[in-house]
Amino acid sequence: MDKEAQARIDVWKYALGFVEMEAVKCGIELGLPEALESHGKPISLSELSSAVACPEISLHRIMRFLTHNGIFEKQRPNPGSELFYAQTPLSRLLTRDNLGTFLLVQDGPPGPRFSLTAQDSKAGKGSGVEVSPEESKMWSMEFKTYGKMFQEFLASHAKVATSAVIENFPESFQGIGSLVDVGGHEGTAIGMLVKAFSWIRGINFDLPHVVSGAPILDGVEHIGGNMFESVPKADAVMLMWILHDWSDELCIDILKKCKEAIRKSGKVIIVEVVIDDDEEGNRDEYTGARLAMDMAIMGSTLNGKQERGIAKEWAQLLHAVGFGDHIIKHMKAIESVIEAYP
Ligand SMILES: C[S@@+](CC[C@H](N)C(=O)[O-])C[C@H]1O[C@@H](n2cnc3c(N)ncnc32)[C@H](O)[C@@H]1O
């Protein structure tokens with residue numbers, strides 16, 4: 001692998017390193033190493049869920065991250081049979097009477113900074129703030145806490161992800177005369193897309209207070225509004241890093257508005273981190289970063305999900321909205337592109 005390609009993978013280690021630490025701390029706080037030790041043999045998800053009083057829906061995500069990182073081991077007695085988790089030399093060192101407590105005190109107790117707590121996981125929810133269509137608390141809070149740095153954070157992500165989309169899937173933008181980027185923030189992504197594909201007229205759509213401060217961009221019109229009420233009409237709609245913040249029910253509401261906005265031959269282009277469960281699917285050198293992003297979403301929202309599985313969850317979600325068909329395209333980046341057709 002060339003140095004630039006390796007750097008694009010390594011940078012996520014630094015960007016998400018503290019999230020990984022929080023997820024390991026959450027596993028220790030839940031008592032996972034002790035539960036496996038006292039079980040004395042590999043344990044199923046449902047047995048582990050009862051042992052540590054944490055619902056399977058949360059525990060499955062945490063265990064998927066921890067096994068990928070070699071803290072526990074996945075075992076299947078036969079191909080296709082139930083999955084079991086087993087202790088490893090590393091997880092034995094993470095019991096509280098070994099180095100578990102030492103790890104827990106690093107960076108202080110769960111607090112106002114990012115944290116993924118065992119208490120929230122046991123309640124089957126994330127540790128972040130609630131995002132509701134009426135009052136987008138999360139966004140106002142982030143803007144208030146981080147100010148300009150938050151805008152720079154979103155713009156820098158948009159730059160990296162949009163470059164990958166342009167480089168890997170230029171054909172996705174053929175035949176699109178107008179494209180609205182829903183939740184496009186200050187227009188970084190749509191600005192890059194109209195520059196790369198000059199036939200596109202771009203619309204950057206975001207909350208009114210966000211677009212009111214957005215810079216003037218060639219070929220881009222900024223429109224303020226609420227995606228739960230309506231989305232500006234266009235040939236196609238893009239949603240990048242939007243759906244992971246919302247519950248399935250609210251994603252369906254957002255996608256319905258996007259579907260209403262496009263013409264019959266149009267499409268909705270979703271750019272998200274897509275994680276397939278188990279061994280199938282897009283497991284590659286970015287899988288670790290994708291799983292860490294899932295932990296980041298679990299720590300920063302109440303009901304967001306990074307881990308909608310390809311076959312099951314995306315298909316169910318898009319079917320519930322009424323899309324006739326969809327395809328998922330993977331690339332050498334943490335995001336994938338899902339195109340949904342009416
Ligand atoms: C995680 S950011 C993604 C920004 C950008 N698409 C990117 O990939 O960097 C989510 C965006 O959704 C916007 N947003 C949140 N609620 C919204 C709503 N109800 N209507 C329109 N945009 C909304 C936020 O202001 C924010 O810019």
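**View 1. Phe-84 in strand β3 is the bridge partner of Gln-75.** This is a predicted model, where local features need pLDDT of at least 70 and side-chain atom pairs count only at pLDDT 80 or more, while totals for chains, interfaces and linings use all residues. Residues are numbered from 1 along each chain as its sequence is written, and side-chain values use heavy atoms, with hydrogens and water left out. Strands are DSSP runs of E with at least two residues, helices are runs of H or I with at least four, and both are numbered from the N terminus. Strands β2 and β3 (residues 84-86) run antiparallel and are joined by three bridges. Two strands count as paired if DSSP finds at least two bridges between them. Zoom out a little and you get an open sheet of three strands, ordered β1-β3-β2, with antiparallel pairing. At the edges stand β1 (43-44) and β2 (73-75); each has a single partner strand, so one side of each has no neighbour in the sheet. As background, strands of a sheet pair through backbone hydrogen bonds, either parallel or antiparallel.

**View 2. Cys-26 and Cys-54 don't form a disulfide.** How far is the sulfur of Cys-26 from the closest cysteine sulfur? That sulfur belongs to Cys-54, and it sits 7.2 Å away, too far for a bond. A disulfide here is a pair of cysteine sulfur atoms within 2.5 Å, and the structure holds zero of them. Are these cysteines buried or exposed? Cys-26 is buried, with a relative accessible area of 0%, and Cys-54 is buried too, at 1%. For these labels, buried means under 20% relative accessible area, exposed means over 50%, and partly exposed is in between (1.4 Å probe, protein chains only).

**View 3. Phe-173 sits in the largest nonpolar core.** A nonpolar core is a set of buried Ala, Val, Leu, Ile, Met, Phe, Trp, Tyr and Cys residues joined through side-chain atoms within 4.5 Å. This one has 68 residues, and Leu-32, Leu-48, Leu-59, Leu-66, Phe-173 and Leu-179 touch the most other members. Helix α1 (residues 3-30) gives the most to the core, with nine residues. The core also draws at least three residues from each of domain 1 (3-122) and domain 2 (137-274 + 309-341), with domain bounds that come from an automatic or database domain assignment. Leave out residues up to four places away in sequence, and Phe-173 touches Val-165, Leu-179, Leu-193, Phe-197, Trp-199, Ile-200 and Ile-269. Contact means heavy atoms within 4.5 Å. Apart from this core lies another, of 31 residues, including Ala-234, Leu-239, Cys-251 and Ile-252.

**View 4. Helix α10 (residues 188-196) has buried residues.** Which residues of α10 are buried? They are Ala-189, Ile-190, Gly-191, Leu-193 and Val-194. Their cover includes α9 (148-168), β4 (178-182), β5 (201-206), β6 (220-224) and β7.

**View 5. Lys-13 and Asp-10 form a salt bridge in helix α1.** A salt bridge is a side-chain nitrogen of Lys or Arg within 4 Å of a carboxyl oxygen of Asp or Glu. In this pair the closest N and O atoms are 3.2 Å apart. Lys-13 and Asp-10 are three residues apart in α1, so about one helical turn separates them. Lys-13 is exposed, with a relative accessible area of 53%, while Asp-10 is partly exposed at 24%.

**View 6. Arg-92 and Glu-37 meet in a salt bridge.** The N to O distance is 3.4 Å. Because Arg-92 lies in helix α5 (residues 89-92) and Glu-37 in helix α2 (residues 32-39), the pair ties together parts that are 55 residues apart in sequence. Arg-92 is partly exposed, with a relative accessible area of 40%, and Glu-37 is partly exposed at 42%.

**View 7. Asp-235 and Arg-263 form a salt bridge.** The closest N and O atoms here are 2.9 Å apart. Asp-235 lies in strand β7 (residues 234-240) and Arg-263 in strand β8 (residues 262-272), so this pair ties together parts 28 residues apart in sequence. Asp-235 counts as buried, at 18% relative accessibility, whereas Arg-263 is partly exposed at 33%.

**View 8. Glu-171, Lys-267, Lys-329 and Glu-339 are linked in a network of salt bridges.** How many salt bridges does the structure hold? There are 14.
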